[in-house]
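Reader: I should be grateful for a close look at one part of this model, with its surroundings described afterwards.

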Amino acid sequence: MKRARNSAMALSAGAVALAVTLSGCMTVHGETAVVPATSEKEARKVFREFTAKSNRANSRLDTRLNATIEGGALGAINQAALKTRKGAKENGEKIPPIPPLKLRDTRFLIPKQAGWPKFFVADTRGDDTGNRWFYVFQRESVDARWKASYLSVLEPDELPTFPKDSDGHVKAVPSGGGSGLSVAPGALSREYVRTLRDGGDRFADGPHTDKRRTQRERSEKRPGLRTEFADSAARPPQFVPAGLRVKGGGALVFFASHHHTKQTFHKDYAPKIKDPLVREMLSGETPKKAVTYARVSQQAVSVPEADSAGDGVVFLNRIDGMTSAKAD
């Protein structure tokens, strides 16, 4: 899966108080102290539970079960897909089953963090291609569940190296000020939306930036069809970016964005929706003049340091999914 290609796939963090033995017993709190987001033992437990429940939810088309293990961009995409598949199946459509997850050779990237939300990353092997699947698990408070909020698939030549401290923990990147990056993680969604609208040099050229703009311009000129695009930034608390420092400077950052496409048809070109999954997702009457599609996109990008002379933020992977469709 090269950068020029879209992917179409569709633990308890330590207790509120962590006891540290120095010359006695001192308690520090996850809200203010810099502590590991979780332990590897807990991360492994969460990951096993995630895999088992994900396969059950997919086989049963159970959105409620999925919502207990997925949130953020990944949850929005998959819960919409499960709901749509279930409806189509109940209407007699022949919907192929979702292949079960067979994740193996899993490694955990656990940063030290202060405050909430906290996150860790499961770096695993999900197929036989040599690609690595990166699941980002986030938790918004000590009482909340860990949920997988992002999935990105990276090829072997795209895999970064993550520097670790003496305890084996990777380094998280602040979302706002102090990131030291060309674009702070908390600003990536907003800047990406701006790039799609206006262009610019914050992001490197590629299929998800300048080429996407070009494709949109071409699609706007089709006879009998007017296509309009509207993008918006994905914002906390549902969509929280996550970033890790990489060797050599910069960071690997995961973030989300929203994208709407409205297709308005000439009266002689009434739209025919053939895909049963799209038909099931469609709200409103049978399309007479227009259809508006909403999608959530999750992406993994390589963000250079602020003083880097490189080409800007580079897309490594993007996975998106339709979350709603409306007929007019």
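Against which helices and strands do the buried residues of helix 4 pack?

Author: The model is a predicted one. In it, the buried residues of helix 4 pack against one helix, helix 5 (210-219), and against strand 10 (225-233), strand 12 (251-265), strand 14 (290-303) and strand 15 (314-327). Helix 4 itself spans residues 188-198. Its buried residues are Leu188, Ser189, Glu191, Tyr192, Val193, Thr195 and Leu196. As a general point, an α-helix has 3.6 residues a turn, so residues three or four places apart point the same way. After helix 4 comes glycine 199, with a positive phi near 80°.

Strand 10, one of the packing partners of helix 4, leads to a further backbone feature. In the loop between strand 10 and strand 11 (242-245) lies proline 237, and the peptide bond that joins proline 236 to proline 237 is cis, with omega at about 5°. Another cis peptide bond runs from tryptophan 116 to proline 117, where omega is near 0°. Proline 117 is located in the loop between strand 5 (111-113) and strand 6.

Strand 6 belongs to an open sheet of 4 strands, arranged in the order 4-6-7-8 with antiparallel pairing. Strand 4 (104-109) and strand 8 (147-154) each have a single partner strand and therefore form the edges, with one side of each left without a neighbour in the sheet. From one strand to the next, the twist averages 20°. Within the sheet, strand 6 (residues 118-125) and strand 7 (residues 132-139) run antiparallel and are joined by 7 bridges; threonine 124 stands opposite tryptophan 133 of strand 7.

Two helices lie across strands of this sheet. Helix 1 (residues 40-60) crosses strand 4, strand 6, strand 7 and strand 8, running at about 130° to strand 4. Helix 3 (residues 72-90) lies across strand 7 and strand 8, at about 90° to strand 8.

Two residues other than glycine also deserve mention for their positive phi. Leucine 61, in the loop between helix 1 and helix 2 (63-67), has a phi near 55°. Its relative accessibility is 12%, so leucine 61 counts as buried, the limit being under 20%. Aspartate 105 is placed in strand 4 and has a phi of about 50°. At 45% relative accessibility, aspartate 105 counts as partly exposed.

Methods
Residues numbered from 1 in each chain as written. Predicted model: local features only at pLDDT ≥ 70, side-chain atom pairs only at ≥ 80, totals over all residues. Heavy atoms only, no water. Pairing = 2+ DSSP bridges. Axes fitted to C-alpha atoms, helices over the stretch in contact; angles between N-to-C directions. Contact = heavy atoms within 4.5 Å. Buried < 20%, exposed > 50% of the residue type's maximum accessible area, 1.4 Å probe, protein only.
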